[in-house]
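I sat down with this model to look up a helix, a run of strands and the empty spaces inside. These are my notes from that session.

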Amino acid sequence: MNETCKQKMATATVRTIIVASICAVAIVILVAVTLVPAARETIRGWIYHEPATIGIDGTPYTGKGYIVIDETSHRTLAAAGENAVSVPASLAKLFVIDYALTVAAPNEEVTVSSETLAKVKPGSSLAGIVSGTYQLKDLIAAMLVPSGNDAAYAVADYCGGKGHPDSTSAGERIQAFMVDLASYVAHQGWTHTQLADPSGYDFDAVSTPSEVANVSEKLLAHQWIRNVVKSEHYTIATLSGQRLTMTSTNQMLNSSSAYYMPGVKGIKTGSLDGNYNLAILYTKNEHDYLLVSLGSMSEAARYDDLINLISAIS
């Protein structure tokens, strides 16, 4: 074997070792990111050197803003960027539900038509609502548990029709509902919240952690809503008997998830346009806390951010 061949073989061997080493490191990083929150935090620290806000007592936090409220005293325990506007995504559904419950009672019967379901935007998260008649509270559950945009349009159509009985189409009724919702939001003093779509699939919508927390507290005053949002799985049915079992989008409720936390009792996720949001009700030592975080940088980041905030609650 001549010297040239030996050099080529040596070079190939070195390349193979380098590639294998890179692959091994990549696998270790992937496993760490998947299983270990602390490792995810370290890696995110390499990528994002300047977080928008700082967590409680300096704990890591990558989002745009958060607020932590003691649900017994309703006192704010900690906050940063709580009045900074961000895209609420599906957390907009909380405002829609709050207003809808001023228009209609939870047990009212709502007929959902194919015309209404056709209004849902492509790419939406869906609860699997089909044409039929439901109780309003079941459609609200479908908005909260799997974050169904189809259910949100159905609620807006029904409540818009109640307030504007002369409206002749689903589009008119939904638009009328959104106009009325804007007036309601302003009347509540939520001056930083602007919504144009009942599902939250709206890149121009804005809200803040403090205003999302405010509407969340109003909804949590209803025990039936607390029962809904704490469920990993929830079943609804049309009045004709068709049953639909839904799964929560909140991984903190998923007992097989790496993010599962037994103390979490709901309430809602939201993500759109690179903004990952989460509002949770957390119980520790029989004491309830409401935490709202907007604008985390990824699906994993929103859970790690909330876990870090929870860890700082004494």
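Below are my entries, element by element.

**Ground rule.** I am working from a predicted model, not an experimental one.

**Helix H7.** I started with the length of helix H7, residues 170-187. At 1.5 Å a residue, its 18 residues should span 26 Å, and the end C-alpha atoms are 26 Å apart, so the two agree.

Next I asked which residues of H7 are buried. I noted Ala170, Arg173, Ile174, Ala176, Phe177, Met178, Leu181, Tyr184 and Val185. Many of those numbers sit three or four places apart, so I wrote down the rule of thumb beside them. An α-helix has 3.6 residues a turn, so residues three or four places apart point the same way.

What do the buried residues of H7 pack against? I found four helices there: H3 (92-103), H4 (114-117), H6 (149-163) and H8 (209-220). After H7 comes glycine 189, and I noted its positive phi, near 85°.

**Strands S7, S8 and S9.** I then moved to strand S8, residues 275-284, where seven of the ten residues are buried. On one side S8 pairs with S7, antiparallel, over seven bridges. S8 is also joined to strand S9 (residues 287-296) by eight bridges, again antiparallel.

I used leucine 278 in S8 as my marker: threonine 269 stands opposite it, and its bridge partner in S9 is serine 293.

Both hairpins went into the notebook too. The S7 and S8 hairpin has two residues between the strands, and aspartate 273 takes a positive phi near 55° there. In the hairpin of S8 and S9, also with two residues between the strands, asparagine 285 has a positive phi near 55°.

**Largest pocket.** I got a volume of about 220 Å³ for the largest pocket. Which of its 17 lining residues are closest to the centre? They are Ser90, Ser125, Ser147, Gly270 and Ser271. Strand S7 (residues 264-272) gives the largest share of the lining, five residues. By class I have three nonpolar, twelve polar and two charged residues.

**Cavity.** I found one cavity of 30 Å³ or more, and the largest cavity has a volume of about 60 Å³. Of its 13 lining residues, Leu144, Val145, Val229, Ser248 and Ile267 are closest to the centre. Helix H9 (223-229) and S7 are the elements that give two or more residues to this lining, and S7 has the largest share with four. The classes here are six nonpolar, six polar and one charged.

**Last note.** I marked S7 for a second look, as it gives the largest share of the lining in the pocket and in the cavity.

How values were computed: Residues are numbered from 1 along each chain as its sequence is written. This is a predicted model: local features need pLDDT of at least 70, side-chain atom pairs count only at pLDDT 80 or more; totals for chains, interfaces and linings use all residues. Side-chain values use heavy atoms; hydrogens and water are left out. The expected span of a helix is 1.5 Å times one less than its number of residues. Buried means under 20% relative accessible area, exposed over 50%, partly exposed in between (1.4 Å probe, protein chains only). Contact means heavy atoms within 4.5 Å. On a 1 Å grid over the protein atoms alone, a cavity is a set of points where a 1.4 Å probe fits but cannot get out, and a pocket is an open set with protein on both sides within 12 Å along at least five of seven lines; lining residues have an atom within 4 Å of a point. Grid points are joined across faces, edges and corners, and a volume is the space filled by probe spheres set on the points. Ala, Val, Leu, Ile, Met, Phe, Trp, Tyr, Cys and Pro count as nonpolar, Asp, Glu, Lys and Arg as charged, and the others, Gly among them, as polar. Two strands pair if DSSP finds at least two bridges between them.
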